[in-house]
Amino acid sequence: MQPRAADTRDRMYEVSDAMNVQKVNYQKELDRILKQLEKEHETPSLLLHSCCAPCSSYVLEYLSEYFRITVFYYNPNIYPESEYTKRILEQQNLIRDMKLRSPVSFLAGKYDKERFYAMAEGMEDLKEGGARCMKCYELRLRETAAQAAAGGFDYFTTTLSISPLKNAQKLNEIGTRLGEEYGVEYLLSDFKKKNGYKRSIELSKEYGLYRQDYCGCEFSMRERKI
Ligand code: SF4
């Protein structure tokens, strides 16, 4: 695989330098990468961090055309433990049942809740979308990057950007930075684009998936109840 991180980073910085606030269209970046892979007849390996089965459904349908995917389930943020168990089982069932272009593997990360609580300390009362969430993205992406590097994957990314409540700009910035740190390419993406979120709802219905009504941590659960 030819390294492309520097090109992408330069383009991202050009845009933000020029406008200072202009957002990057990460779906266009993904389109460009996929086009290039098709041209080169490459099917690289991808470690795909997944937050839950519904969010992964569209991403698996979309990316299994282009990558050899391993789903990495690393979500120490999820509360309570019964919810964690429910979500991870749903994820495994989906991978087993989905009709995909190429087989998808599964890798479970540790449910190290202490790590999440240590990270969130002092930010418990912040609203969803604030600083705690940026750290939560980083916690999960850092572990994914480390696993991707250890496993010799070509790329890593996350399903998180499919949610309209998640900040795709920040996810891509964090992912790109961690990719450079660990020496693995972060696959730029914004899966909510191209009706990705809508398609994930359709697929969830088709496969009868459990769709939770809060992000995952106990603070988001509390916020939902207010
Ligand atoms: S609201 Fe979601 S993203 Fe934010 S800290 Fe909680 S689990 Fe993580």
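Guide: Welcome! A residue is buried if 20 or more other C-beta atoms lie within 10 Å of its own, exposed if 12 or fewer, and partly exposed in between, with C-beta atoms placed from the backbone. This is a predicted model, in which local features need pLDDT of at least 70 and side-chain atom pairs count only at pLDDT 80 or more, while totals for chains, interfaces and linings use all residues. Residues are numbered from 1 along each chain as its sequence is written.

Visitor: Is Thr144 buried or exposed?

Guide: Thr144 is buried, because 27 other C-beta atoms lie within 10 Å of its own. Over the whole protein, 38% of the 226 residues count as buried.

Visitor: In which helix is Thr144 found?

Guide: Helices (H or I, at least four residues) and strands (E, at least two) are DSSP runs, numbered from the N terminus. Thr144 belongs to helix H6. The protein has nine helices and five strands, and from the N terminus on they run α-α-β-α-β-α-β-α-α-β-α-β-α-α.

Visitor: Which residues does Thr144 touch?

Guide: Two residues are in contact if their C-beta atoms, placed from the backbone, lie within 7 Å. Setting aside residues up to four places away in sequence, Thr144 touches Leu47, His49, Phe72, Tyr74, Phe156 and Thr158. You can also compare chain and space: Thr144 and Gly109 are 35 residues apart in sequence, with 8.8 Å from C-alpha to C-alpha. For the protein as a whole, take the contacts between residues at least 6 apart in sequence: 74% of these join residues at least 24 apart.

Visitor: Which residues touch the most other members of the largest nonpolar core?

Guide: In soluble globular proteins, nonpolar side chains tend to be buried together. A nonpolar core is a set of buried Ala, Val, Leu, Ile, Met, Phe, Trp, Tyr and Cys residues joined through C-beta atoms within 7 Å. Here the largest core has 52 residues, and Leu46, Ile69 and Phe156 touch the most other members. Helix H6 (residues 131–151) supplies the largest share, seven residues. Beyond its neighbours within four places in sequence, Leu46 is in contact with ten residues you can look up in the structure, including Leu63, Phe67, Ile69, Phe153, Phe156 and Leu187.

Visitor: Why is H3 called largely enclosed?

Guide: Nine of its 11 residues are buried, so H3 is largely enclosed by the rest of the structure. The buried residues of H3 are Ala53, Pro54, Cys55, Ser56, Ser57, Tyr58, Val59, Leu60 and Leu63, and they pack against E1, E2, H4 and H8. Take Ala53, which is in helix H3: it counts as buried because it has 31 C-beta neighbours inside 10 Å. Not counting residues up to four places away in sequence, Ala53 touches Glu90, Gln91, Leu94 and Leu209. Ala53 and Ser204 are 151 residues apart along the chain, yet their C-alpha atoms are separated by 8.1 Å.

Visitor: At what angle do the axes of H3 and H8 cross?

Guide: Axes are lines fitted to C-alpha atoms, for helices over the stretch in contact, and angles run from 0 to 180 degrees between N-to-C directions. Helix H3 (residues 53–63) and helix H8 (residues 196–206) have axes that come within 8 Å and cross at roughly 110 degrees. They are therefore roughly perpendicular to each other, a term for angles of 65 to 115 degrees. The contact joins Pro54, Cys55, Ser57, Tyr58 and Glu61 of H3 with Gly196, Arg199, Ser200, Leu203 and Ser204 of H8.

Visitor: Which residues surround the ligand?

Guide: A residue is near a molecule if its C-beta atom, placed from the backbone, lies within 6 Å of it. Around the ligand you will find Asn77, Glu128, Arg132, Cys133, Cys136, Cys215, Gly216, Cys217, Phe219 and Ser220. Two elements, H6 and helix H9 (218–225), give two or more residues to this shell. H6 gives the most, with three residues.

Visitor: Where in the backbone is there a cis peptide bond?

Guide: A cis peptide bond joins Tyr79 and Pro80, with omega about -10 degrees. Pro80 sits in the loop between strand E2 (68–73) and helix H4 (81–97).

Visitor: What is phi of His41?

Guide: Phi of His41 is near 55 degrees, a positive value in a residue other than glycine. His41 lies in the loop between helix H2 (26–40) and strand E1 (45–49). It counts as exposed, because it has 6 C-beta neighbours inside 10 Å. Lys194 is also a residue other than glycine with a positive phi, near 60 degrees. Lys194 is in the loop between strand E5 (185–186) and H8, and its 14 C-beta neighbours inside 10 Å make it partly exposed.

Notes
Angles under 35 degrees count as roughly parallel, over 145 as roughly antiparallel, 65 to 115 as roughly perpendicular and the rest as oblique.
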